[in-house]
Structures are given as C-alpha cells and as structure tokens.
Amino acid sequence: MMELRKDPITRSWVICGDEAEASVSSGGFCPFCPESGLPLQVVATSPTVNGSPWSARAVVHPRPLYGIDGEPGRSGNGLYDTMRPVGAHEVLVENARHDRHLWNADDREIEEYLALCGQRIQDLKGDVRFKYISVFKNYGPMSGQEFDHPTSEIVATTFVPRRVLYELRAAREHYRVKERCVFCDILHQEQEQRQRIVEVRGEYMAGCPYAPRVPYETWIAPRNHEAYFERTAQKSGAMRDFAALLRRTLFRIRTIADGFHMVLHTSPNTVHRSETLGFWKTIEDDYHWHLEILPILGNKAKSYTFKEVYYSPVSSETAAAILRERPTE
Ligand SMILES: [Zn+2]
Ligand SMILES: [Zn+2]
Ligand SMILES: [Zn+2]
C-alpha cells in the first residue's frame with residue numbers, strides 16, 4: 001500500500017511504500033498498439049490525421065500509483081504528515097504506431113498529442129481535489145521508462161510537486177519586486193546574448209539554461225508570455241511550431257544522449273485561490289509555461305546523479321553550440 005509522506009524539513013511530498021513485485025506479462029504483446037486487443041480503460045482519443053486508427057490517446061495507467069477515488073484524508077503523527085495517494089495516473093499514448101516517436105512522427109501527429117495533453121490537463125483541473133497536473137516522459141534504459149510503445153504519463157496530485165513549487169515561489173517573488181515575469185526576462189536576455197539558444201521557431205525558443213542541472217539540459221518555451229500550457233494547446237494552430245521544435249530538439253538530443261527525462265511545467269490548478277491566501281493572485285502574469293528536457297548521458301550518469309550540487313561537465317554555451325550543429329531529422 002503506497003502512501004504520501006511529507007518530508008518535515010523540506011516540506012515536499014514523496015510517494016512511498018512497499019510495492020508488490022511487478023508480475024504483469026502481456027505475453028509479448030504491446031498493450032498500446034491498436035491491434036493488441038488487450039483491454040485498456042480509454043479516457044480520451046484524438047482523431048486520426050493520417051489514416052491510422054487514432055493519433056494519440058489517454059488511457060488509465062495499468063498499474064497506477066494514484067487512485068482516483070476518495071479524499072486524501074490528510075493526517076498527522078507527531079511531526080509527520082501523511083495522506084492517501086489520491087489522484088489520477090494516465091498513460092498518454094503518443095502515436096498509434098509502435099515506431100513513431102516524438103522525434104520521427106509527423107508534425108500533425110505531434111500536434112494532436114500536444115492538444116490531447118492540453119485537453120487532459122484542462123479536464124483534470126476540473127476536479128477541485130487536484131492541485132497540480134504533471135505531464136512527463138521517461139525515455140531510455142537509465143530513465144525509468146516503463147513501456148516500449150511511445151508514451152508519456154500524466155499525473156494529477158493533491159499537492160504541487162516540489163520543483164514546481166520552488167519555481168512558482170521564485171516567479172512570484174521576482175514579479176513582486178520587478179513587476180515582470182522572470183521567464184520573459186530570461187528569454188529577452190537570451191535573445192540578446194544569443195549564446196545559449198538552440199533554435200527559434202515561430203513563437204517558440206529552445207535553449208540551454210544558464211545553470212544546467214545536467215549536460216545538454218534544454219528548455220522550450222513560448223517567446224510571448226503565457227502562464228497556462230493548456231490555454232496555448234487549445235488554440236487552433238498555436239502548437240504547430242512547438243510540435244516541429246519539439247521534434248527537432250529531441251532528434252538533436254538523441255544524437256548525443258541514450259535517454260532523457262522530459263517534463264512540462266504549467267500553472268497549477270488555481271481553483272484553490274481563496275484557500276491559499278492569495279498565493280495565485282499574480283500567477284497569470286508571473287508564471288510562464290515551459291518544457292524541460294534533461295538528457296541522460298549513459299556513461300556520465302553516475303558522475304552527477306549522486307552529487308548534492310548539480311554538476312555539468314559541459315557548459316550551456318558549448319552545449320547549445322553543439323546541439324545547433326546536430327541533425328534535426
Ligand atoms: Zn506498441
Ligand atoms: Zn513570461
Ligand atoms: Zn520548470
């Protein structure tokens with residue numbers, strides 16, 4: 001039985017418990033291929049753009065870490081806080097085809113996948129129990145990848161994950177002092193300095209952050225201010241350049257790294273506004289959605305995984321220069 005525990009010092013939540021040994025065998029069939037015929041709980045499906053049965057779809061995770069029913073039932077035991085892992089855990093099948101990844105699919109297919117991400121986020125935010133919706137992807141042998149089929153995951157939680165909370169607090173503080181979005185300020189400076197940009201495509205920019213956590217860390221963000229990914233994703237045509245830039249960036253990264261983690265950062269569920277003492281009052285102006293890609297360099301993984309301070313043996317400027325020269329298809 002898994003439970004959520006709050007670290008009493010850093011105040012971040014972890015999901016923790018003794019998991020039963022996974023004994024799921026699909027007998028060699030991929031459960032996500034349309035022809036597998038295995039029973040899946042389909043949540044949403046995007047229409048086809050090229051004659052395949054569908055272009056992307058969301059299904060309930062076959063072994064969910066979070067359960068959809070009930071209340072978190074937060075309780076304390078002395079210093080320690082715990083709650084039930086109430087939430088939603090879905091697999092986002094990126095493509096009907098087993099061999100079409102985000103770096104080699106059609107841009108139109110990737111657009112459908114991104115629209116589906118937006119739709120699922122919007123829909124899950126309708127549930128007031130959920131404070132944050134995470135979309136992420138683990139790819140490659142060292143990443144914790146679960147399935148062979150091209151998939152991402154979406155998780156709705158009753159808390160805001162630590163990294164996002166740090167960003168939200170810092171963005172709000174920057175806005176309080178400067179009345180500007182910190183991400184917009186960074187994007188402007190990067191466009192002036194032109195040292196860490198990988199590629200600009202329409203409204204979007206891919207670049208290596210000034211202080212990377214891992215070598216070749218790359219972010220993609222809209223160049224104009226927008227706090228909510230799902231709002232952009234649901235505007236017709238707004239994701240076309242993003243789809244192409246995502247595909248080209250992942251293609252570049254895959255020529256350097258065996259795997260990667262990818263995570264979308266967007267605004268939390270702001271229906272909790274009143275309860276949080278105005279915490280989200282300026283969020284529309286202070287937060288800015290973006291996608292973070294953290295490559296996993298197989299042989300170097302060890303050298304930075306266990307350090308207390310992030311260490312990157314490749315500077316952001318060199319990383320961006322190398323990525324710029326890499327093939328994109
Ligand atoms: Zn498959
Ligand atoms: Zn901004
Ligand atoms: Zn972020």
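**Two zinc sites and a hairpin**

Good morning, colleagues. The zinc ion listed as ligand 2 is held by four protein atoms, namely Cys181 (SG), Cys184 (SG), His225 (ND1) and His288 (ND1), at 2.1 to 2.3 Å. Please bear in mind throughout that this is a predicted model.

What arrangement do the 4 donor atoms around the zinc ion (ligand 2) adopt? The arrangement is tetrahedral, because the angles subtended by these donor atoms run from 105 to 114°. For reference, the ideal angle for four tetrahedral donors is 109.5 degrees. Along the chain, the donors of ligand 2 are spaced as C-x2-C-x40-H-x62-H.

Are the two cysteines buried or exposed? Cys181 has a relative accessibility of 5% and therefore counts as buried. Cys184, at 13%, also counts as buried, since the limit for that class is under 20% relative accessible area.

I turn now to the second site. The zinc ion listed as ligand 3 has as its protein donors Glu167, which is listed twice through OE, together with His265 (ND1), His290 (NE2) and Glu292 (OE). These donors lie 1.9 to 2.6 Å from the ion. Their spacing along the chain reads E-x97-H-x24-H-x1-E. Of these residues, His290 and Glu292 are both buried.

Finally, let us consider the hairpin. Strand 10, residues 197-201, pairs with strand 11, residues 204-207, in the antiparallel sense over 4 bridges. One of the bridge partnerships joins Arg201 to Tyr204 in strand 11. The turn between the two strands has 2 residues, and Gly202 within that turn shows a positive phi of about 55°.

Thank you for your attention.

How values were computed: Residues are numbered from 1 along each chain as its sequence is written. Chains are lettered from A and ligands numbered from 1 in the order in which they are written. This is a predicted model: local features need pLDDT of at least 70, side-chain atom pairs count only at pLDDT 80 or more; totals for chains, interfaces and linings use all residues. Side-chain values use heavy atoms; hydrogens and water are left out. Two strands pair if DSSP finds at least two bridges between them. Donors are N, O and S atoms within 2.8 Å of the metal (3.2 Å for Na, K and Ca); water is not among the atoms, so sites may look incomplete. Buried means under 20% relative accessible area, exposed over 50%, partly exposed in between (1.4 Å probe, protein chains only). Four donors count as tetrahedral if all angles lie between 85 and 135 degrees; four count as square planar and six as octahedral if opposite donors are over 155 degrees apart and all others between 65 and 115; anything else is irregular.
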